[in-house]
Amino acid sequence: MGDLFKNIDDEEFADKFSTNEDCLHFLADKKWEAGFVCKKCANTNFCKGKTLYARRCTRCKHEESATAHTIFHRCHIPLAEAFRIAYMVCCNPSVSTYELSRQIELRQMTCWKLKSRLVTCLKSRGEVDILSDPTLI
Ligand SMILES: [Zn+2]
C-alpha cells in the first residue's frame, strides 16, 4: 500500500482518481482483494450494501462501507479531494497544509486534520497505509 502513489504521476492520478466513485471503487478493490470477511461474524458471503461499493454480510446483515476502517472514514470532504490530499502528502510529506488548502480549495483546518492522519501513518509504519485508520489503533 505504501507504493500506492509511487509510480503514478500527476496526469495518471487525475485520470485514475477523478471522481468519488473511482476512489470508492479503488478502496473496495484493495480492501477486499483477498476476499470479503465479515468483521462481526467472519462469514465470507456478501451481497450489495446500501451505499456504493459497500458490502453486506448475508448472515448477520452487518454492512461495511468501502471507506470503513480506512483513513478516509468520516472524512467529511468528497473522497476525490481527500485522495488528492493523500497523493500530495505521499509525494511530498513536508507539504504545508496552507499549500494543500490553496491547491485543493479546502479549509486549512480540514487539510490539517487529514494530513495529520496521513503523517501518523507515515511515522508509525514508514509508509502510508490508507487502508488502515491510525486513529483506530
Ligand atoms: Zn456477518
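Of the 137 residues of the protein, 26% count as buried in this predicted model. The chain forms five helices and three strands, and these elements follow one another along the sequence in the pattern α-α-β-β-β-α-α-α. When contacts between residues at least 6 apart in sequence are considered, 48% of them join residues that are at least 24 apart.

In soluble globular proteins, nonpolar side chains tend to be buried together. In this model, the largest nonpolar core comprises 21 residues, of which Ala82, Ile85 and Ala86 touch the most other members. Helix H2 (20-31), helix H3 (79-91) and helix H5 (108-125) each supply at least two residues of this core, and the largest share, eight residues, comes from H3.

Helix H3 was therefore examined further, beginning with its length: at 1.5 Å a residue, its 13 residues should span 18 Å, and this agrees with the separation of its end C-alpha atoms, which are 18 Å apart. The buried residues of H3 are Leu79, Ala82, Phe83, Arg84, Ile85, Ala86, Met88, Val89 and Cys90, a list that includes Ala82, Ile85 and Ala86, already named for their contacts within the core. As background to such a list, an α-helix has 3.6 residues a turn, so residues three or four places apart point the same way.

The strands form an open sheet of three, in the order S1-S2-S3 and with antiparallel pairing. Strand S1 (46-48) and strand S3 (63-64) are the edge strands, each of which pairs on one side only. Between S1 and strand S2 (residues 55-57), which run antiparallel, there are three bridges; in one part of this pairing, Lys48 has Arg55 in S2 as its bridge partner.

The loop between H2 and S1 contains Lys40, and the surroundings of this residue were considered separately. Because a residue with 12 or fewer other C-beta atoms within 10 Å of its own is classed as exposed, Lys40, with 12 C-beta neighbours inside 10 Å, counts as exposed. Even so, Lys40 has contacts with residues elsewhere in the sequence: when residues up to four places away are not counted, Lys40 touches Cys57, Cys60 and His62. Lys40 and Arg59, which are 19 residues apart in sequence, are separated by 9.9 Å in space, taken from C-alpha to C-alpha.

Notes:
Residues numbered from 1 in each chain as written. Predicted model: local features only at pLDDT ≥ 70, side-chain atom pairs only at ≥ 80, totals over all residues. Helix = DSSP H or I, 4+ residues; strand = E, 2+ residues; numbered from the N terminus. Buried ≥ 20, exposed ≤ 12 C-beta atoms within 10 Å, placed from the backbone. Contact = placed C-beta atoms within 7 Å. Core = buried A, V, L, I, M, F, W, Y, C linked by C-beta atoms within 7 Å. Pairing = 2+ DSSP bridges. Expected span 1.5 Å × (residues − 1).
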